[in-house]
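Q: Hi! Could you walk me through this one while I have it open in the viewer?
A: Happy to, let's have a look together.

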Amino acid sequence: MAEAASPDRAGAGGTAPPRVLHVSQPNAGGVAVYVGQAAGDQRKRGWEVAVACPPGGDLPARCAAAGVPWFNWPAGRAPGPRTLLESLGLRRLVRGFAPDVVHLHSSKAGLAGRLLGRPRGTPTIFQPHGWSWLAATGPQDVVSRRWERIAARWSDALVCVGTGELREGTCAGVRGPYRLVRNGVDRRRFRPADGAARLAARTRLGLPAAVPLAVCVGRLTRQKGQDVLVAAWPGVTERCPSARLAIVGDGEDLDALNREPVAGVLLVPAVQDPRDWLAASNVIVLPSRWEGLPLTALEALATGRPIVGTDIPGLAEVVRPGVGALVPVDDPAALADEVAGRLLVPGVAEREGREAAAESAAYDVSRTVALLAAVTRDVAGLGDTPEEALADVRAVAGGLLGAGRVGFAGLDDGVAAGSPGIGLEGGASEDGVADGVGSAVADGVGSGLADGADGAEVVGVAGASGDGGGAVTPPNSSR
């Protein structure tokens, strides 16, 4: 993790450092890595920082390693009848920690955190890490887009991890105070790996020294497209019989992949540190159906490995000419052609790898966390957003989009029509429950308040006071 540029401690005027609560339903994978980096950097700056997420995964342990308090927020992945309870539980955490800014990461936190308006009126950042509608089909796609347009009303900054994500939001009609903070990679940890480093990594992993090796790292889900890569693999081995493919990760698609084994394909459990697998590879393959701006792609660049990926926003932003190739989504034949070409002609892959390592300098994580800190200070009312986070916003969107509270005007016809309101923000309701949300979220979100709604307690914080102080004891987990 890059060192913070300078601590934001109380100055001569007695200004207190910001208090920030990061909220994430994903407790593993790229989002967890990002949240851990951001919270750790802000802690180094002298800020009061805490993270709320479900138990398990590796995010609680990342918090412990960075000295950041962790709050148990037991949220499920999909929206449903418990989403309202999750939203109320999150508001209780906000009341206890009393942050200056609530930073919501990914779709579920964005839903639960803004379902009832800003959590207790606290300035709020939403960072989609891949818009919610990208994973939706049919009616869910329509509902997701409408929800994000409405929820932008309660977002003081919409932080996008890349230009592609920003463009997708504006094209979908999500109007709000966009800020561009590109994802970054820790180039002190992920370094170019030469032939000797490749051999050493393969020795540690128990892999043959000379086998042509493609590697895919990521959650095993429909989003990441490992099913397409497995379908493409026979086309690779027809031309390169000795080739091997390592798919590294866990997820809901693991059983399906195990049921139909393919020769030359190795399924490897998820690893917290992918550096050996990246270093051991000849080419990294990312057959995703959608992305924000994937950390694995940046880690591959920094390791000096070419990338064969899909031509989607996020990957197209990273895989420039000379560092790999892009193919259409769901096209096994095209994927096989590009992977096989790099395994059969190692000189091409090596040349692209050198260019990739040079390209990674534009994505150093120290720049990412510094810019995110500046945006957070602005939302807290302690500074101004740097021009760097606005310049590309203007280029993509043709000007800042509604850099303030966004109402319902201009949304699709009927978005809010007939939606039952519970109370307007700032009205009589304690938490400022917003109108129009009831019918814009997934089925059952607003149904029934069950007994025992106090499910979101502070875990591992000395004194269990909810104020974020004290040491953190991470829970038992599969790690």
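**Chat about the model**

A: Let's begin at a turn: Gly-173 comes after helix 6 and has a positive phi, near 85°. Keep in mind that this is a predicted model.

Q: OK, and helix 6 itself, is it mostly covered or exposed?
A: Helix 6, residues 163–171, is mostly covered, with seven of its nine residues buried.

Q: Which residues of helix 6 are the buried ones?
A: They are Thr-163, Gly-164, Glu-165, Leu-166, Glu-168, Gly-169 and Thr-170.

Q: Switching to sheets. What's the strand order in the open sheet of seven strands?
A: The order is 3-2-1-4-5-6-7, and the pairing is parallel. At the edges you'll find strand 3 (70–72) and strand 7 (178–180), each pairing on one side only. On average, neighbouring strands in this sheet are turned by 25° against each other, direction ignored.

Q: How many bridges join strand 1 to strand 2?
A: Five bridges link strand 1 (residues 19–24) with strand 2 (residues 48–53), and the two run parallel. To pick out one pair, His-22 has Val-51 in strand 2 as its bridge partner.

Q: What does helix 2 lie across?
A: Helix 2 (residues 59–66) lies across strand 1, strand 2 and strand 3, and runs at about 165° to strand 2.

Q: And the other sheet, the one with six strands: what order does it have?
A: That open sheet goes 10-9-8-11-12-13, again with parallel pairing. Strand 10 (265–268) and strand 13 (324–327) are at its edges with a single partner strand each, so one side of each has no neighbour in the sheet. Here the average turn between neighbouring strands is 20°, direction ignored.

Q: How do strand 8 and strand 9 pair, parallel or antiparallel?
A: Parallel, over five bridges. Within that pairing, Val-215 has Ala-246 in strand 9 as its bridge partner.

Q: Which residues does Val-215 touch?
A: Not counting residues up to four places away in sequence, Val-215 touches Leu-245, Ala-246, Val-248, Trp-277, Ser-281, Val-283, Ile-284 and Val-285.

Q: Now the largest nonpolar core: which residues have the most contacts inside it?
A: Val-215 and Leu-301, in a core of 32 residues. At least two residues each come from strand 8 (213–217), strand 9 (244–248), helix 10 (275–280), strand 11 (283–286) and helix 11 (295–303). Helix 11 gives the largest share, five residues. There's also a second, separate core of 29 residues, which includes Phe-97, Leu-134, Val-174 and Leu-180.

Q: Back to helices. At what angle do helix 3 and helix 4 cross?
A: The axes of helix 3 (residues 83–97) and helix 4 (residues 106–114) cross at roughly 75° and come within 8 Å. With that angle, helix 3 is roughly perpendicular to helix 4.

Q: Which residues meet there?
A: From helix 3 it's Thr-83, Glu-86, Ser-87, Leu-90 and Arg-91, and they meet Lys-108, Leu-111, Ala-112 and Gly-113 in helix 4. By class, the contact has three nonpolar, three polar and three charged residues.

Q: One last spot: where does Ala-136 lie?
A: In the loop between strand 5 (124–127) and helix 5 (139–151).

Q: Why does Ala-136 count as buried?
A: Because its relative accessibility is 14%, and buried means under 20%. Leaving aside neighbours within four places in sequence, Ala-136 is in contact with Asp-141 and Ser-144.

Methods. Residues numbered from 1 in each chain as written. Predicted model: local features only at pLDDT ≥ 70, side-chain atom pairs only at ≥ 80, totals over all residues. Heavy atoms only, no water. Pairing = 2+ DSSP bridges. Helix = DSSP H or I, 4+ residues; strand = E, 2+ residues; numbered from the N terminus. Axes fitted to C-alpha atoms, helices over the stretch in contact; angles between N-to-C directions. Contact = heavy atoms within 4.5 Å. Parallel < 35°, antiparallel > 145°, perpendicular 65-115°, else oblique. Nonpolar A, V, L, I, M, F, W, Y, C, P; charged D, E, K, R; others polar. Core = buried A, V, L, I, M, F, W, Y, C linked by side-chain atoms within 4.5 Å. Buried < 20%, exposed > 50% of the residue type's maximum accessible area, 1.4 Å probe, protein only.
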